[in-house]
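Work through the exercises below with the structure open. Each one sets a task and then solves it in steps.

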Number of protein chains: 2
Amino acid sequence: MNIISGGVCAPKGFAANGVHCGIRKNKSKRDLALIYSEFPANAAAVYTTNLVKGAPLTVTKNNLADGKAQAIICNSGNANTCNPNGIEIAEQMCKLVEKNLNINANDVIVASTGVIGQELSIDPIEGSMTELVKGLGDHSEKAAEAIMTTDTKIKEIAVSFLVDGVECRIGGIAKGSGMIHPNMATMLVFITTDCNISSEMLQVALSDDVKDTFNMISVDGDTSTNDMVAIMANGAAGNKDIQCKGEAYDIFAQALNTVTRHLCRAIAADGEGATKLLECKVSGADSESTAKAVAKAVVCSSLTKAAMFGADANWGRILCSIGYSNVEVDVEKVDVCFSSARGQINVCKSGMGVPFSEEKAKDILGESEITILIELNSGEVYATAWGCDLTYDYVRINGEYRS
Amino acid sequence: MNIISGGVCAPKGFAANGVHCGIRKNKSKRDLALIYSEFPANAAAVYTTNLVKGAPLTVTKNNLADGKAQAIICNSGNANTCNPNGIEIAEQMCKLVEKNLNINANDVIVASTGVIGQELSIDPIEGSMTELVKGLGDHSEKAAEAIMTTDTKIKEIAVSFLVDGVECRIGGIAKGSGMIHPNMATMLVFITTDCNISSEMLQVALSDDVKDTFNMISVDGDTSTNDMVAIMANGAAGNKDIQCKGEAYDIFAQALNTVTRHLCRAIAADGEGATKLLECKVSGADSESTAKAVAKAVVCSSLTKAAMFGADANWGRILCSIGYSNVEVDVEKVDVCFSSARGQINVCKSGMGVPFSEEKAKDILGESEITILIELNSGEVYATAWGCDLTYDYVRINGEYRS
């Protein structure tokens with residue numbers, strides 16, 4: 001498998017674009033994205049478990065009932081959620097794609113992200129459709145920018161891999177930042193592939209994958225109303241159709257996982273206000289649910305997140321969050337260790353503190369990527385969760401979000 | 001029932017003191033508290049559900065097995081948790097009380113709060129015992145100060161009430177601030193009463209009460225390792241012993257609730273870095289568990305907390321947190337309203353936004369006590385939860401806590 005450039009346009013037969021249509025006041029920020037497959041594609045998606053669901057998700061779910069899609073349209077700046085006319089607007093967005101790309105409105109995946117509860121006007125979107133479609137091309141980064149809200153960095157990746165000797169590609173873009181605590185689904189992630197795979201197997205691969213990737217990240221514990229990961233597979237690579245589990249499926253799933261893990265880390269590292277990526281690796285658990293619960297509790301702890309911001313090796317907060325993670329852990333067996341590009345330091349052995357150099361710890365925790373290693377010494381199962389530090393900027397951004 | 005002065009010393013036969021013994025470097029901050037009952041008292045307590053438990057809690061649980069206590073000793077600046085010699089130190093603290101007050105070490109409630117995982121030396125405590133005991137008197141506020149960590153305000157209250165025509169009193173002090181997300185127990189709260197009540201009924205009253213009070217507050221979602229609420233009843237008021245449920249018990253429970261609700265609000269309002277008390281009142285629920293889950297989800301949402309800090313009427317975040325609260329709610333029936341001393345404003349009706357004056361909303365949310373009213377329109381049950389805003393100071397305090 002190779003990392004390649006091109007994002008969602010790396011797979012054959014895909015084009016993308018992003019423009020400023022005017023939903024956002026800042027004219028230098030693109031706010032409308034389009035991803036298009038020249039060929040009808042198999043498609044799958046997973047959605048937020050929040051009971052409050054954005055109208056675009058309802059429309060997308062209906063459109064994906066047949067496992068087919070050919071385009072993705074997504075705006076930022078307005079979530080089109082909790083609005084009386086939300087469904088109508090989301091359907092109009094699909095109709096505009098139908099009209100301008102000459103495809104069926106039912107083959108459009110529609111998404112929105114931004115403020116909840118403010119009506120979304122179709123006008124700026126309608127007014128920019130010609131420009132949006134005309135500019136379709138090798139512009140994954142424009143689409144990636146157009147779906148950003150408070151994100152500070154474009155998030156995209158692509159890989160190539162061989163299935164039965166045939167080269168296939170998967171590319172993806174993501175939008176994260178705030179209200180990030182996915183559960184059985186996730187924030188906005190759009191993935192394209194030219195691999196030939198049935199929509200059923202695509203759904204299996206995606207649903208399986210998110211359990212260990214997007215469901216294991218958290219920025220602030222708030223599960224969004226508009227989370228969605230959608231994937232389109234147009235088969236343009238020409239490999240033999242993947243219709244069941246087996247060697248070809250495994251290769252595809254592994255390539256998909258490379259894409260999703262990259263986007264996960266990128267989302268966590270670019271969490272609202274974040275200065276540091278936190279990776280919590282739990283090993284020695286007696287079950288997967290225990291390993292995952294512990295890892296998530298640690299990356300979700302406000303106190304631990306703030307301590308990491310301050311490069312303070314306050315490991316007691318990590319023990320504390322393990323203790324309230326709602327799973328049975330023998331806390332007297334727990335070892336904790338901090339690690340970064342600057343080295344590694346043991347701070348807790350068998351649930352008790354061990355002497356360590358505060359200076360060395362500060363040095364290690366000063367890095368922008370920190371790994372918290374937790375050994376439970378109770379089994380063989382491991383899990384990883386990703387998060388970020390809690391900073392002044394998180395408060396600033398969210399104290400004035402709508403202003 | 002009347003609110004009276006005196007805190008934990010308001011009930012007959014109780015004395016208190018607080019001194020600086022030297023666990024904290026700041027000499028102007030008291031760090032060792034003692035509460036003493038002249039007479040042996042019935043006692044009850046509830047404790048944290050965190051699997052990592054402070055050593056003092058283990059010792060206190062043993063000492064309260066017989067439902068009796070006569071003194072409470074508590075230090076701040078060090079949690080005496082995750083230390084190899086924690087139990088030994090906590091027992092030594094009880095022994096020091098035994099020696100200096102001539103009571104049994106088994107009748108001592110011991111507590112510690114502060115940094116986890118640093119060994120607590122008995123020396124500063126031992127060295128200050130004479131001064132601590134000598135100064136015992138009507139000094140509830142000194143004890144209240146001595147148990148504070150990052151708290152900015154002393155938290156105390158007392159009430160008087162009549163049981164069978166006999167005047168009784170209940171007084172309490174509390175320590176809150178950070179790592180506040182109690183579950184089946186709470187932060188440090190010490191309550192005294194001269195009411196004559198059996199230790200069994202005292203435990204029933206306390207365990208019942210915390211479900212609606214301390215278990216309904218959250219500062220940061222982190223459940224501490226050292227949470228405890230303890231109550232001593234010395235019977236000095238001379239009322240007929242309360243040994244079962246009935247009118248006298250109800251009066252006692254109501255008085256207790258007045259004390260605990262006051263301390264709850266005080267703890268939430270003085271949460272780490274907080275500028276505002278958030279009170280979320282949920283009504284119209286079909287069950288108590290639904291009402292409580294919704295109320296807690298709202299006061300725990302980082303995004304909602306940050307919006308309240310910025311006086312931003314971003315009600316979509318409230319709908320969002322209701323939606324992920326893990327209980328069945330018909331979101332299309334939900335109404336939301338903000339209220340404060342400056343008035344009241346409806347922002348959401350039947351799950352959708354309603355037009356409102358942003359200026360008026362900003363004015364209402366500018367106050368230091370904000371109530372979020374949520375009507376679920378699905379039943380008759382209600383619940384209240386308390387929290388605080390998320391501010392720059394929370395990040396500052398917790399980024400440099402150990403420094």
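**Exercise 1. Two helices in one chain**

H8(A) and H9(A) are roughly antiparallel to each other. The model is a predicted one.

Task: Find the angle and the axis distance behind that description, and list the residues that meet.

Solution.
- Step 1. Locate the helices: H8 covers residues 302-309 of chain A, and H9 covers residues 316-323 of chain A.
- Step 2. Take the geometry. The two helices pack at an angle of about 160 degrees, and their axes are 9 Å apart.
- Step 3. Apply the cut-off. Angles over 145 degrees count as roughly antiparallel, and H8(A) and H9(A) are therefore placed in that class.
- Step 4. Give the hand: H8(A) and H9(A) cross in a left-handed manner.
- Step 5. List the contact. From H8(A) come A:Leu303, A:Thr304 and A:Ala307, which meet A:Arg317, A:Ile318 and A:Ser321 of H9(A).
- Step 6. Sort by class: this contact of H8(A) with H9(A) has 3 nonpolar, 2 polar and 1 charged residues.

**Exercise 2. A second helix pair**

Task: Decide how H1(A) is oriented relative to H2(A), and which residues make the contact.

Solution.
- Step 1. H1 spans residues 55-63 of chain A and H2 spans residues 86-101 of chain A; their axes come within 8 Å and cross at roughly 55 degrees.
- Step 2. That angle makes H1(A) oblique to H2(A).
- Step 3. The crossing of H1(A) past H2(A) is right-handed.
- Step 4. On the H1(A) side are A:Ala55, A:Pro56, A:Thr58, A:Val59 and A:Asn63; they meet A:Gly86, A:Ile87, A:Ile89, A:Ala90, A:Glu91 and A:Cys94 in H2(A).
- Step 5. By class, the contact of H1(A) with H2(A) divides into 7 nonpolar, 3 polar and 1 charged residues.

**Exercise 3. Domains of chain A**

Task: State the domain bounds of chain A and describe the contact between the domains.

Solution.
- Step 1. The domain assignment gives domain 1 as 2-269 and domain 2 as 277-399 of chain A.
- Step 2. Taken over C-alpha atoms, the centres of domain 1 and domain 2 of chain A are separated by 32 Å.
- Step 3. Domain 1 of chain A puts 11 residues into the contact, and domain 2 of chain A puts in 13 residues.
- Step 4. On the side of domain 1 of chain A that touches domain 2, the residues are 6 nonpolar, 4 polar and 1 charged.

**Exercise 4. How the two chains are related**

Task: Which operation lays chain B on chain A, and through which surface do the copies meet?

Solution.
- Step 1. A turn of 180 degrees with a shift of 0.0 Å along the axis lays chain B on chain A with an RMSD of 0.0 Å.
- Step 2. That is the relation of a two-fold axis.
- Step 3. In chain B, the C-alpha nearest the axis belongs to B:Tyr392, 2.5 Å from it.
- Step 4. Of the interface residues of chain B, 100% are also interface residues in chain A, so the copies meet through the same surface.

**Exercise 5. The interface between the chains**

Task: Count the residues in contact, then name the elements that supply them and examine one helix pair.

Solution.
- Step 1. Contact is made between 52 residues of chain B and 52 residues of chain A.
- Step 2. On the chain B side, at least two residues each come from helix H8 (302-309), helix H9 (316-323), strand S13 (352-353) and helix H11 (392-399).
- Step 3. H9(B) gives the largest share of that side, 6 residues.
- Step 4. By class, the side of chain B that touches chain A has 24 nonpolar, 23 polar and 5 charged residues.
- Step 5. Across the interface, H8(A) and H11(B) pack at about 70 degrees with axes 7 Å apart, which makes H8(A) roughly perpendicular to H11(B).
- Step 6. Here A:Leu303, A:Ala306, A:Ala307 and A:Phe309 in H8(A) meet B:Val395, B:Asn398 and B:Gly399 in H11(B).
- Step 7. The contact of H8(A) with H11(B) has 5 nonpolar, 2 polar and no charged residues.

Technical notes:
Residues numbered from 1 in each chain as written. Chains lettered and ligands numbered in written order. Predicted model: local features only at pLDDT ≥ 70, side-chain atom pairs only at ≥ 80, totals over all residues. Axes fitted to C-alpha atoms, helices over the stretch in contact; angles between N-to-C directions. Helix = DSSP H or I, 4+ residues; strand = E, 2+ residues; numbered from the N terminus. Parallel < 35°, antiparallel > 145°, perpendicular 65-115°, else oblique. Left-handed = near helix turned anticlockwise from the far one by under 90°. Contact = placed C-beta atoms within 7 Å. Nonpolar A, V, L, I, M, F, W, Y, C, P; charged D, E, K, R; others polar. Domains from an automatic or database assignment. Least-squares fit on C-alpha atoms with pLDDT ≥ 70 in both.
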